[in-house]
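User: Please take a close look at a single part of this model, starting from a hairpin. Where does that part sit, what packs against it, and what lies further out?

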Amino acid sequence: MTISEFIRLNKEVLGVNKRNEDFIRPLNPRSAKIIADNKIITKRVLAKVGINSAELYKVVRTRKQLQFLDWDSLPKSFVLKPNQGTGGNGIIVFYGKKKGKYEWIRPNGTTMTKGDIILHIENILDGRFSMGNRRDVAIIEERIKTDSTLKPYTYKGVPDVRVIVFNRIPVMAMLRLPTKRSNGTANLHSGAICVGIDIASGITRAGMYLKKSPIIEDTYTNTDTTLDLENNLPLIGLQIPFWNDILDIAVKSQEVSGLGYLGADIAIDRDKGPLVIEINARPGLGIQVANKIGLKKRLEQVKEIEIKSMKHGIRVAKNLFGGEVEEEIESISGKTVVNLIEKVTLFYKSDTDETVSKKKVERNKEIVKAMLDTGITTSRIDWGIASRLGFYKALDFFKKSNVPDTFPTLKDAQMFIDTIGSETLQHKDILRLAKVSDETGLHVLPVVEIEIRIAGETKKVEMVVSSQKAMIYPLLIGRKELNNYLIDTSKTFTK
Amino acid sequence: MQELTQWLLSHGVSISMLQIVVFIPILATLVNISRYFIGFKSFGIYAPIILALAYRYTGLSYGLLITMLVVLSSFIGYTIMRRIRMHYLARVAINYVIVSIVVIFGIALLDSIEILGFTNFEAVDPLALISIAAMSDFFIKMYVKKSIGATVRVLAETVLIAVIGWYLISSSQIIGYLLDNLWMLGVFLIVNLLIGRFTGLRIKEYFRFSYIVKDDNK
């Protein structure tokens, strides 16, 4: 480690001491910790503000209750958990039930009989899995069915998204993927993969996991793909589904729980969408390694900001912490990341005819909002703007040529272009004629070449001049021009 | 300051009592430093203190040997019992029975192999032996929840702290100085207070998080 690395570590990374002294102790009061440490209370508190969690089927508080448990009313698949368990200990998932028997099937194919389950519940009641071995309560709840986007990345269990929230701002997030080694749990210490997530877009960054080493603890190894699966998939660039909902839920959980600094664990159910698995009053620090960014720096950045609402908090997070992923994707793919709606500069026609005086060195330009539309091949521009850009003569000429407004079939349109169009519609600014179909019918329209600047790049683009009045954006950039871009649909402007 | 020591000795405090009372702050401070400054995880603060004190009465080699016997027997006993489904406390009780049997016969066996040189088990203080046997409980309680790797790591760190502690309290210079200068106990108080307010990174965390600041992707 160099001296500069040492200084950076001290400046940027949050250690256990500081987390406990400056965040958990002063910000997470006992009353709030009680909520977070108790899964039943967590569910109740979250439900009050409309946040979903896995449905609670049964609660077993005493041996007496266990004796009278109605086994027939249990669904085929469920999860058995200690109410105050830590680190995923004592959780057993059941995928199905053997027909006609009191025997349930676990993800690894083994079964547990009613007797085995009773014993496990007794262990839970005895406090074997709870903090400080206190007596505990067993809960039986719905098994979350993994969302189809994340399923191919997961070995058996349920992946989840951990979001650290502080001062109503989602500060950092990671995706945790169960692996064969972690035995289907999303616990980092058992060997699950964790993947950093860009807060602004919900797109994953790089993945890593804890090295299996009995002597040296907490040594991380990078991985670009999932592990132990039949089809290992790349971990970078995955869009987390329901991203904005997940951030909303995380911030809301902080507000309602009373925890000043929390880690919300959110899974995505196939049918129900995002569900909170648990909220943590003492979230771990491994998330910094997954994101390769120190938490201390981020926490200090947002400490003093006065957050007015949940939306405000999320906006601040997206503005402050977002964007790293774009640079990374650019460096991997060589493509520039652009937004769905970009501001594009249009230059006035340059060949100086009578309208533009030669003295004008700086060319006139106009900035418009353009939609990057992968549904069309050639770009389209609004008639009025094209006129302003210096094509008014060409367009006037086109208008006077009595081109029919609509054509009944594509064949007719093509025939018109091939015959009359190519013979009579000759103007130096009109490159060719194009067939365009929209809700009002099939049209033949002129194509001109316009110089534009998009995402810092200036180029000449062929555009169909559209007479349609209903264009929401005056400029649509078509597929022909989008070869070198990746479109990020989550944002609308670069700046 | 020797007057204070003299005064205590003449008022019902025995010299061995005074020694132990001085040992405890040293060991407690050591555990405190190890945890918050270095990042060693021990089985709480009680285990390393008791272990270090026990080593002082058994001698280090005998003490470590008994520790190994206790841990090994708990580990083997628990691993076998893991397959049998039973109540949690029953499991812990059986574990104690196994530990007792293994330790007694282990001592007899080691004593009979003369080449090893451990022929002086009679001199081992039985109370110290029990204190070491208590490690079994700490070990099992963690092993139930965490992996064997994590448990052994914490055990190793606990023993390491205990050995350093044993070294400190066995040094007649350190103890002699402290007995003559009891005001030093106030220094321990301040040191612990400072560590209690320490919010910097632990030494182990520099290694754990070094990856974050490494410039390898640019």
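Analyst: In chain A, strands β13(A) and β14(A) form a hairpin, with 3 residues between the two strands. The model is a predicted one, and what follows was computed from it. β13(A) covers residues 261-269, runs antiparallel to β14(A), and is joined to β14(A) by 7 bridges. One of the facing pairs is A:Ala267, whose bridge partner in β14(A) is A:Leu275. β14(A), residues 273-280, is mostly covered, with 7 of its 8 residues buried. By the domain assignment, domain 1 of chain A is made of two segments, 3-54 and 145-326, and the hairpin falls in the second of these.

Which residues have the most contacts inside the largest nonpolar core? They are A:Val163, A:Val165 and A:Ile266, in a core of 77 residues. A:Ile266 lies within β13(A), which ties the hairpin to this core. The element that gives the most to the core is strand β9 (residues 169-177) of chain A, with 7 residues. A second, separate core has 40 residues, and B:Ile49, B:Tyr62, B:Tyr78 and B:Ala133 are included in it.

A:Val163 shows what meets at the hairpin. Leaving out residues up to four places away in sequence, A:Val163 touches A:Pro170, A:Ala173, A:Ile246, A:Leu247, A:Ala250, A:Ala264 and A:Ile266. Of these partners, A:Ala264 and A:Ile266 belong to β13(A), A:Pro170 and A:Ala173 lie in β9(A), and A:Ile246, A:Leu247 and A:Ala250 fall within helix α7(A).

The helix α7(A) runs from residue 243 to residue 257. Its 15 residues should span 21 Å at 1.5 Å a residue, and because its end C-alpha atoms are 21 Å apart, the expected and computed lengths agree. Its buried residues are A:Trp243, A:Ile246, A:Leu247, A:Ile249, A:Ala250, A:Val251, A:Ser253, A:Gln254 and A:Ser257. In an α-helix, residues three or four places apart point the same way, because there are 3.6 residues a turn. A:Ile246, A:Leu247 and A:Ala250, the helix residues that A:Val163 touches, are all in the buried set. After α7(A) comes A:Gly258, which has a positive phi, near 85 degrees.

Another hairpin is found in chain A, formed by β10(A) and β11(A) with 6 residues between them. In its turn, A:Gly202 has a positive phi of about 75 degrees. β10(A), residues 193-197, pairs with β11(A) in the antiparallel sense over 3 bridges, and A:Val195 stands opposite A:Gly207 of β11(A). β11(A), residues 204-210, is mostly covered, 6 of its 7 residues being buried. β11(A) is also joined to β12(A), residues 220-223, by 4 bridges in an antiparallel arrangement. There A:Met208 has A:Asn222 of β12(A) as its bridge partner.

Beyond domain 1, the assignment gives domain 2 (55-143) and domain 3 (336-488) of chain A. The centres of domain 1 and domain 3, taken over C-alpha atoms, are separated by 46 Å. Within the bounds of domain 2 lies an open sheet of 3 antiparallel strands in the order β4-β5-β6. Its edge strands are β4(A) (96-97) and β6(A) (111-113), each pairing on one side only. β4(A) and β5(A) (residues 103-105) are paired over 2 bridges, and A:Lys97 stands opposite A:Trp104 of β5(A).

Chain B has 12 helices and 0 strands. Of its 218 residues, 31% are buried, and its C-alpha atoms fill a box of roughly 65 × 60 × 40 Å along the principal axes. Among its contacts between residues at least 6 apart in sequence, 78% join residues at least 24 apart.

What does each chain give to the contact between chain B and chain A? Chain B gives 25 residues and chain A gives 31 residues. On the side of chain B, the elements with two or more residues are α5 (88-112), α7 (135-145), α8 (148-170), α11 (203-208) and α12 (210-213). α12(B) gives the most, with 4 residues. By class, this side of chain B has 12 nonpolar, 5 polar and 8 charged residues.

Definitions and conventions:
Residues numbered from 1 in each chain as written. Chains lettered and ligands numbered in written order. Predicted model: local features only at pLDDT ≥ 70, side-chain atom pairs only at ≥ 80, totals over all residues. Domains from an automatic or database assignment. Contact = placed C-beta atoms within 7 Å. Nonpolar A, V, L, I, M, F, W, Y, C, P; charged D, E, K, R; others polar. Pairing = 2+ DSSP bridges. Expected span 1.5 Å × (residues − 1). Buried ≥ 20, exposed ≤ 12 C-beta atoms within 10 Å, placed from the backbone. Core = buried A, V, L, I, M, F, W, Y, C linked by C-beta atoms within 7 Å.
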